[in-house]
Amino acid sequence: MNKKLITYLLILLPIIGFYVFVFHNAFNIGWNDDWHGIEGFLASWMQQETFSEKIALLFSQMCEHRILYVRLSTLLCYNLFGEVNYKILMLMGVSYLLILPFVFYRVLREINLKLAYLIPIIFIIFNTQPIENIFWAITSLQPNTVIIFGLWGFSLLLFYKQKWAFYLANLLFFVAMFTNGNGMFSFVAAIPLVLYARTRSEKLQFLGIVLFSFILYFFDFKKPGIRPDVKINFTQYPHIIVGDIFAFFGSPIDSTVQFYSTNLKFAVAITAGVLMLGWVLYLLFSFIYFWYLTNYKGLTAEKTSNLYQTILKYPKFNLYLLSALIFVGLSGAAFAASRASQGLEQAFASRYKTVSLILFVVVYLSFYNVVQTKNWKKYLQVSIIITILFSAFSYYESWDDVENRRKFFGTTILNWKNNGRYYYYAFDNSRNPDDHAPINTYQRLPIPPYNYAGFVPGIMKYVNDILWISRVHFKNYTPPAEIDDLNQSLYKNQIAANAGEQVKIKEEKNLFHITINNVFIPANRRYDGYYAVFSNNTNRLAFHLETVANKFTTFLSTQRYYNNRIDMIVAKPDLPIGSFNMQIGKLENGQFKVLKEEVIEIK
């Protein structure tokens with residue numbers, strides 16, 4: 001086969017496969033911050049009467065962030081399609097990944113590499129591990145796009161001398177900063193590029209833009225009450241901060257998919273993070289060392305290392321890698337410093353993995369400084385094999401996560417539709433009377449409070465107001481039709497089943513502990529699986545009983561890709577007070593087969 005055709009196929013197929021995967025699995029359902037960050041914003045926007053009120057709302061604080069770009073995307077979606085369509089918003093977010101192949105191809109041209117050398121980068125970037133990007137609209141439009149805008153801006157500053165490139169780059173940095181807090185690091189990471197590539201006038205303008213952006217961002221800034229104190233993290237959890245940084249960057253090398261061992265998972269990720277960060281920092285400090293010797297100690301360039309001479313030979317190529325490293329490095333450090341008290345598991349949150357994956361790209365590119373030119377082709381071939389395997393591993397890891405998330409989000413929105421309210425379980429004692437009160441009156445919403453996340457006591461009343469106003473009064477959201485099909489299957493197509501599963505229910509003070517043995521869930525069947533259904537004369541709620549799946553060790557022991565045991569908890573505060581008929585059963589081919597049934601009382 002023609003080599004050029006193979007190159008095009010290896011570039012296009014992973015991109016096409018990625019977007020087919022996203023389009024097939026994303027659906028029009030919001031989640032968590034989407035309620036207040038998107039629908040709450042839109043409901044408030046419609047009620048602001050003056051232009052100044054609307055501008056203040058656009059720039060208003062949400063937790064520790066200002067999410068201007070998310071809000072502009074929401075307005076664009078609503079005005080184009082007449083509703084908040086979460087699937088469209090998620091597709092908008094991941095569509096910006098298409099910018100990065102052009103950016104990195106321009107970087108490769110600095111060392112005279114052809115299009116084929118872009119292939120490993122394509123397999124790294126168009127990766128399914130940041131799975132929350134296709135189930136959580138705000139995540140797709142917030143931490144995902146920030147990294148893309150920053151990397152794009154670096155390219156404009158370094159490789160294009162025109163004035164428009166300078167101003168567009170600064171606009172991208174500004175938007176990145178006002179989309180997610182770590183976007184401010186794009187200005188910091190751009191400093192070496194501005195000093196090297198821009199004129200004296202542009203350097204002064206850059207300084208002015210940075211000062212303006214930071215003053216605007218921190219004007220009237222309030223520390224969110226829902227976040228841990230960073231000072232406490234440094235004094236009490238410094239060891240976790242260090243572990244978090246390395247685990248954060250090594251998290252895409254996740255052993256959970258094969259062996260469910262928390263210690264092994266952390267060890268593998270931290271080791272991978274240490275190796276990658278250690279490698280790029282070695283390159284950086286090696287350069288600084290020889291730069292100091294040649295500039296201040298009289299050492300001639302001929303007596304320095306080949307690495308130093310190569311970096312000098314390709315200054316723009318390596319300056320770009322330096323800015324990308326600073327950007328993702330500061331982003332990872334900020335994450336670790338802010339989340340240390342919440343434990344190492346936070347480092348594996350898929351919504352942040354776009355940042356981690358960019359470090360993989362930096363590592364891949366950095367090896368062109370040490371691999372001899374005559375061996376570049378061999379290095380490319382090895383890199384293609386490794387990244388294809390990594391991409392296949394990522395799809396394998398994401399397979400089960402996708403199915404379980406769809407079931408979870410499907411039942412979440414189904415419960416809202418059936419009950420006219422949104423249930424949110426935060427703490428053992430979080431049962432505020434307002435939280436479960438049905439909303440049936442219209443009221444004006446203020447500009448959302450800056451720390452209005454689901455953890456704040458009493459906030460669910462506010463979220464319920466948002467849901468009622470935006471969906472009932474403004475009629476701007478239409479849940480997907482498959483939710484109605486799920487409702488029909490769970491509550492109307494019920495039959496008694498004499499299956500081989502054994503169901504045990506243990507009632508505790510604040511929860512029901514459900515175990516089911518000898519279960520079987522077919523692969524890739526959208527909603528088939530096990531559910532707990534609670535119903536009475538006024539309420540109907542369903543909870544998907546998620547099972548750990550898709551592990552090689554499970555397959556060896558059971559000859560199935562899914563575990564044969566479910567061990568799940570349903571929290572009592574997720575249910576309103578009253579008497580319920582509880583049914584544990586299996587949804588299969590559009591029928592809910594009831595395995596166990598009993599009456600329970602929620603007090």
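A nonpolar patch of about 390 Å² appears on the surface of this predicted model, and its members are Y8, L12, I16 and V20. Y8 belongs to helix α1. With a relative accessible area of 41%, Y8 is partly exposed, so it passes the cut-off of over 30% that patch residues must meet.

Helix α1, which spans residues 3-25, also holds K4. Together with K3, K114 and K377, K4 forms a positive surface patch. The relative accessible area of K4 is 56%, and K4 is therefore exposed, as the threshold for that class is over 50%.

Helix α17 (residues 306-313) offers a view of two contrasting faces. Its buried residues include L307, Y308, T310 and I311. These four lie on the same side of α17, because the arc they cover around the axis is only 160 degrees. On the face turned away from this buried side, α17 carries N306 and K313, both exposed.

Charged side chains also pair up in the model, with a count of 11 salt bridges. One of these joins E110 to R106, with 3.1 Å between the closest N and O atoms. E110 is partly exposed at 24% relative accessibility, whereas R106, at 12%, is buried.

Another group of charges centres on a shared partner. E588 meets K593 in a salt bridge with an N to O distance of 2.6 Å, and bridges with shared partners link E501, K586, E588 and K593 into one network. Within this network, E588 also bridges to K586, at 4.0 Å from N to O. Here E588 is partly exposed, at 24% relative accessibility, while K586 is buried, at 12%.

Conventions:
Residues numbered from 1 in each chain as written. Predicted model: local features only at pLDDT ≥ 70, side-chain atom pairs only at ≥ 80, totals over all residues. Heavy atoms only, no water. Patch = residues over 30% accessible without salt bridge, like charges linked within 9 Å, V, L, I, M, F, W, Y side chains within 5 Å. Areas by Shrake-Rupley, 256 points an atom, 1.4 Å probe, with all protein chains shown as cover. Lys, Arg positive; Asp, Glu negative; His and termini not counted. Charge placed at Lys NZ, Arg CZ, Asp CG, Glu CD. Buried < 20%, exposed > 50% of the residue type's maximum accessible area, 1.4 Å probe, protein only. Arc of directions from axis to C-beta.
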